[in-house]
Amino acid sequence: MIAPDEPFLHFVKKRWIPPEMTTVPALDPDEPANGIEPHYALLINPFYAKDANASFGKHVLTPTLALTSFAATTPPHWRVEYWDENLLDGRPPFHPMPQVVGITVHLTFARRAYELADWYRARGAKVIFGGLHVLSCPDECAPHADALALGDGVQLWPRILRDIENNSLQPRYAATYENDYCDDPSPRRSILPRHSFLTTTSLIATRGCHNRCGFCYLATDGLRMPYRMRHPEQVVAEFQADDQPYAVFIDNNLGSRRDYLHALCAALRPINKIWSAAVTIDVTDDPSLIRHMALAGCTGVFVGFESLSDSNLADAHKKTPKTSDYARRVRILHDYGIQVNGSFVLGFDHDRKDVFARTAEWIEENRLECATFHILTPYPATPLFQLMETQGRILHRDWTLYDTGHAVFQPKHMTPEELEQGYAWIYQRLFSHASIWRRRPRVETWRDLQAVPLYLAMSYLYKRSNRFWHLLIKHDLVNPVWKPLVEMTRWRHVGYRKRLAERDAMVPAPVAAPGQVVSAGV
Ligand code: B12
Ligand code: SF4
């Protein structure tokens, strides 16, 4: 048992972090304007500082689809280039100067987006902003851009480029998320650097979620995102076309509509690949769905448990089963060889100082292969932000610190410093050798035994290699280093599925653990 005050008995040492992970690439203020290349669009994912407590591997697991999704709608006479500053190749290109620079803006890297925008605009490029922060704080963004894209870029981007060509660019463009999702083209993954990510296959099958938790960005004022689904065949075709063994679904909640997830699994099953996805724990209401997911290649799920307190979940308006039933539900996923990466939010109003020890203990007891922690963060324009503001509990509006690694509000039952110390402690506890070992797969047969080295290799690569990640990233080695482990996992999983399919449909599992790709999740 972990003593409730264990996180506060010792000073939690700050973890080492290489300067590249915290320092934005410099922009030369004296760089003169040079020739603009007409019909050249540069798309930028700006730099953000990494949190030394969490794994740096997370940032190169799979790319965001923000830019590739609308890049697919670029007319053919435009040249498109993709630049992710987090791949540590320095600042984005400017020789030749692009005619248009499209930047995706989230609150944590809004400041960097403004710097980039001001720099490119001073040299004649037209800058377009889109993304979550533009939707929640348009007036703050507007002075830095020639135009704002509010909402779905897939609909707006071709209109914006056309208006630029006709010299009639408007300051704001808006689109809803209510069109038929099947009409969207596939994201343009060919512009991504293939070696830089564990997998370039970020898939998205659905948008939205059946919940509307008060702290989630989906509850942002003015954002209406009904649950929309792509045809399962479209999703499978994209998976095949990108030619990777493993895909990460970046959907908010792939399990919101169970009939749809069943259909998607039926389409994925024949291609013999592996994937992971975010779902809510209520998917386990239907164990036949979990079996179907396993048979279709699901090796891991990212589950937003958020809290082990029913009162916290009720305050957040999250519709979810009782927390006392979570352990049984985790077991159902494990029984089908699906690893669980639990996501936990710390600092809710019913959290006291023992929340860190209790949460760590529960995770270890239930052998969650991975866990991700977030300090509760009131995103602007969400109900949580409005509530905290009315209560006078917002400490500042430095958005760079709204990264879920810092306490930006006054918690009810501890100080902001204690909340940050508990957060650092719980990551260190869960990334320790002892904790990794405690959570290894259960060994009941010799096949289970084979899954243990793979689990350890993945865990060490993901959780204990922060000293090396920046080197792998800089030298484009992420995919080459990871790929053999991923291929081995896929190969083992195909065998696992065969054995599982031979079993009676309703006898859960127990055909030995298949081994996992990576203990990670977006
Ligand atoms: C993939 C992902 C990541 C990846 C890549 C992130 C990156 N920026 O490179 C990784 C794993 C690294 C990551 C890390 C983190 N993430 Co993240 N991530 C996601 C995830 C799952 C998918 C993003 C995506 O591809 N969406 C699909 C695209 C198509 O949608 P979109 O981004 O809204 O883009 C559309 C429009 O906004 C618009 N658009 C967007 N940009 C532009 C630009 C232009 C020019 C135009 C015209 C249009 C346009 O068009 C697009 C098509 O409709 C989202 C949740 C989600 N499902 O969206 C969380 C999410 C974005 N992440 C979030 C967070 C908090 C983080 C972390 C801070 C968490 C942490 N502590 O580790 C970190 C660090 C990142 C940071 N500091 O900002 C939050 C952001 C909350 C907020 N209000 O800003 C989200 C929303 C998750 C959540 N539910 O809270 N993440
Ligand atoms: S269940 Fe998850 S994705 Fe859905 S609204 Fe709640 S926090 Fe957001």
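## The shell around ligand 2

Let's start with a bound molecule: the residues around ligand 2 are Cys-209, Asn-211, Arg-212, Cys-213, Phe-215, Cys-216, Asn-252, Thr-280, Glu-306 and Lys-318. Please keep in mind as you look around that this is a predicted model. Sorted by class, the shell of ligand 2 holds 4 nonpolar, 3 polar and 3 charged residues. The charged members are Arg-212, Glu-306 and Lys-318. One of the shell residues, Glu-306, belongs to strand β12, which spans residues 298–306.

## The sheet from β2 to β6

Now for the strands. An open sheet is built from 6 strands, and reading across it gives the order β2-β1-β3-β4-β5-β6, with parallel pairing. Which strands sit at the edges, pairing on one side only? They are β2 (79–84) and β6 (172–175). From one strand to the next, the twist averages 20 degrees.

Strand β1 is a good place to look at the pairing in detail. Covering residues 36–45, β1 runs parallel to β3 (residues 97–104), and 6 bridges join the two. Along this pairing, Leu-42 lies opposite Val-101 of β3, and Ala-41 has Val-100 of β3 as its bridge partner. Strand β1 also pairs with β2 in the parallel sense, again over 6 bridges. In that pairing, Tyr-40 is matched with Arg-79 of β2.

## Helices packed on the β2 to β6 sheet

Two helices to find here are α2 and α5. Helix α5 (residues 153–165) packs on the sheet and touches β1, β3, β4, β5 (147–151) and β6. The direction of α5 makes about 150 degrees with that of β6.

Helix α2 (residues 110–122) packs on the sheet too, with contacts to β1, β3 and β4 (126–130). Taken against β3, the direction of α2 makes an angle of about 165 degrees.

## The sheet from β7 to β14

Further along the chain there is another open sheet of 6 strands, ordered β7-β10-β11-β12-β13-β14 and paired in parallel. At its edges stand β7 (202–203) and β14 (370–375); each has a single partner strand, so one side of each is left without a neighbour in the sheet.

Within this sheet, β11 (residues 274–279) and β12 (residues 298–306) are parallel partners over 5 bridges. Val-279 stands across from Val-303 of β12. Helix α17 packs on this sheet, touching β10 (246–249), β11 and β12. The angle between the directions of α17 and β11 is about 85 degrees.

## Helix α6 against helix α7

When two helices pack, the angle between their axes and the distance between those axes describe the arrangement. For α6 (residues 232–242) and α7 (residues 258–268), the axes come within 9 Å and cross at roughly 40 degrees. That angle makes α6 oblique to α7. The crossing is right-handed.

Which residues of α6 meet α7? They are Pro-232, Val-235, Val-236 and Phe-239, and their counterparts in α7 are Tyr-260, Ala-263, Leu-264, Ala-267 and Leu-268. By class, this contact has 9 nonpolar residues, no polar ones and no charged ones.

## Helix α17 and its helix partners

Besides packing on the sheet, α17 (residues 478–502) packs with α15 (residues 446–463) at an angle of about 150 degrees, their axes being 12 Å apart. This makes α15 roughly antiparallel to α17, and the crossing of the pair is left-handed. On the α15 side, the contact uses Arg-447, Gln-450, Ala-451, Leu-454, Ala-457, Met-458, Leu-461 and Tyr-462. On the α17 side are Trp-482, Leu-485, Val-486, Met-488, Thr-489, Arg-492 and Arg-499. The classes represented are 10 nonpolar, 2 polar and 3 charged residues.

Helix α16 (residues 466–474) packs with α17 as well, at about 110 degrees with axes 7 Å apart. How are α16 and α17 oriented, parallel or perpendicular? The two are roughly perpendicular to each other. In this contact, Trp-469, Leu-472 and Ile-473 of α16 meet Val-478, Val-481 and Trp-482 of α17. The contact of α16 with α17 has 6 nonpolar residues, with no polar and no charged residues. If you would like one residue to click on, try Trp-482: it appears in the contact with α15 and in the contact with α16.

How values were computed: Residues are numbered from 1 along each chain as its sequence is written. Chains are lettered from A and ligands numbered from 1 in the order in which they are written. This is a predicted model: local features need pLDDT of at least 70, side-chain atom pairs count only at pLDDT 80 or more; totals for chains, interfaces and linings use all residues. Side-chain values use heavy atoms; hydrogens and water are left out. Axes are lines fitted to C-alpha atoms, for helices over the stretch in contact, and angles run from 0 to 180 degrees between N-to-C directions. Helices (H or I, at least four residues) and strands (E, at least two) are DSSP runs, numbered from the N terminus. Angles under 35 degrees count as roughly parallel, over 145 as roughly antiparallel, 65 to 115 as roughly perpendicular and the rest as oblique. A crossing is left-handed if the near helix is turned anticlockwise from the far one by less than a right angle, and right-handed if clockwise. Contact means heavy atoms within 4.5 Å. A residue is near a molecule or strand if one of its heavy atoms lies within 4 Å of it. Two strands pair if DSSP finds at least two bridges between them.
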